[in-house]
Amino acid sequence: MSTFVKGLEGVVAAQTEMSFIDGQQGILEYVGIPIGELSEKSTFEETVYLLWNRRLPKKDELAQFQRELRSRYYLPAGMANRLMALPMKAEPMHVLRTMVSALSMHDEHPDANDVESARIKSLFILARAPAIIAHFDRYRRGLHLIEPDPSLSFAANFLYMLNGEKPTPTMERAFDICMILHADHGLNNSTFAARVIISTMSDVYSALTGALGSLRGPLHGGANEGVMKMLNEIPSIDAVEDYVKGKLERKEKIMGFGHRVYKTRDPRALALKKLAAQLAKDTGNEELYIKSSRIEEIMEREVAAKGIYPNVDFYSATTYHCIGLRLDLFTPMFAMSRLGGWSGHIIEQLHDNRLFRPKAEYIGPHNAPYIPMDQR
Ligand code: CMC
């Protein structure tokens, strides 16, 4: 195995029992269950149990898992003050990455890497991510912080801490579906980053911090914010055609389209499109939805032959906007959900670890002379 593959395209670098992707047929399954069915029938909490245990929980197992997760919603003492000492203009993804790293200093045994310790650390981090994001957002808006409510689901607790009021069942369900759809996706860049880091037997905090750094890039989880910026930039539905064609002519990418693995429709985008259509109608954001579907039609006509279709980020922008989230919280929402997937992969890696250590193909000179300073 000494062939260089740019971007590791097609290289199999790990085995997983969590998600299966068929990019030609547009199939995504979590532990064998099609994502469309899960997003209709499951909850985010049940989905995390499924990913971590590779099976659906029985009723009492789910109740126990919910108790374990919800009892950990609270931030450690002093952390809320630390959040409120951060610059108000900080980008929430930088805040989340920094605070996940900081949580390690509130753990008496941050380096414990046996599988059960990794599971408990993952639970703590997943449970606390909503408070980190919601507290920071309220602090920068000059609002008082809302304590978590352990009687609420993961999705409802986040929206409650963010908005100061409990979400309607429709909003809670919509947000929960977004969490399910983003939870895991094979060996994507950030998941790979998490597995690479834990493979050195570093620690769960470092692995998740690295994954957060990877996710925020505009070619990965940062694309959902790019989509919203693009929708805001297009002044009207009538302006969509010229805008998209202009970008394609200049060889610029349309955010929320294309995928390294899917060469057909991303099944998550199909589910999110349905959700976005309903929410846009319910919240008076029809123009946003129509603009999005217009972009999709034009892209289908212009570039579908190259296998470029909407990905998970495209309709999640409209969905998050309709849920009432500020633009720079879109990527943290992806991150909050994907913490579940990354943790499952860390646990999987720890089960049967081998250090990741690929090679680089050296393409520089050999036996080069050392030129003295005054002759360079
Ligand atoms: N708009 C227009 N053209 C595109 C796009 C796009 N969004 N994506 C790919 N292409 C074209 C690209 O210009 C290239 O054309 P050509 O062969 O003529 O030079 C061809 O398709 C192959 O593109 P690539 O960038 O080499 O393909 P890749 O497998 O490296 O890229 C990607 C995958 C996701 C980075 C890319 O499609 C992209 O940059 N999309 C926009 C950003 C985005 O939406 N990212 C979210 C990805 S899904 C969620 C996640 O992973 O977080």
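**Reading a ligand site and a helix packing**

Analyst: In this predicted model, 20 residues surround the ligand, and the closest of them are H220, K253, I254, F257 and R260.

User: How many of the residues in the shell around the ligand are nonpolar, polar or charged?

Analyst: One sorts the surrounding residues by class, and here the shell around the ligand holds 10 nonpolar, 6 polar and 4 charged residues.

User: Which atoms of I254, R260 and G221 should I look at beside the ligand?

Analyst: A polar contact is a pair of N or O atoms within 3.5 Å, and with that cut-off in mind you can go through the three residues in turn. In I254, a backbone N or O atom lies 2.7 Å from a nitrogen atom of the ligand, whereas in R260 a polar side-chain atom lies 2.8 Å from an oxygen atom of the ligand. For G221, a polar backbone atom is 3.3 Å from an oxygen atom of the ligand. Taken on its own, the ligand has 930 Å² of accessible area, of which the protein covers 70%.

User: Turning to the helices, how do I read the angle between helix 9 and helix 10?

Analyst: Angles over 145 degrees count as roughly antiparallel. Helix 9 (residues 189–198) packs against helix 10 at about 155°, with the axes 8 Å apart, and the two helices are therefore roughly antiparallel to each other. Their crossing is right-handed.

User: And what is the angle between helix 10 and helix 16?

Analyst: Helix 10 (residues 204–215) and helix 16 (residues 330–351) pack at about 135°, with their axes 10 Å apart, which makes helix 10 oblique to helix 16. Helix 10 passes helix 16 in a right-handed crossing.

Note on methods
Residues are numbered from 1 along each chain as its sequence is written. This is a predicted model: local features need pLDDT of at least 70, side-chain atom pairs count only at pLDDT 80 or more; totals for chains, interfaces and linings use all residues. Side-chain values use heavy atoms; hydrogens and water are left out. A residue is near a molecule or strand if one of its heavy atoms lies within 4 Å of it. A polar contact is a pair of N or O atoms within 3.5 Å; within protein, one must be able to donate a hydrogen and the other to accept it, and residues adjacent in sequence count only if both atoms are side-chain atoms. Accessible areas come from the Shrake-Rupley method with a 1.4 Å probe; for residues, only the protein chains shown count as cover. Ala, Val, Leu, Ile, Met, Phe, Trp, Tyr, Cys and Pro count as nonpolar, Asp, Glu, Lys and Arg as charged, and the others, Gly among them, as polar. Axes are lines fitted to C-alpha atoms, for helices over the stretch in contact, and angles run from 0 to 180 degrees between N-to-C directions. Helices (H or I, at least four residues) and strands (E, at least two) are DSSP runs, numbered from the N terminus. Angles under 35 degrees count as roughly parallel, over 145 as roughly antiparallel, 65 to 115 as roughly perpendicular and the rest as oblique. A crossing is left-handed if the near helix is turned anticlockwise from the far one by less than a right angle, and right-handed if clockwise.
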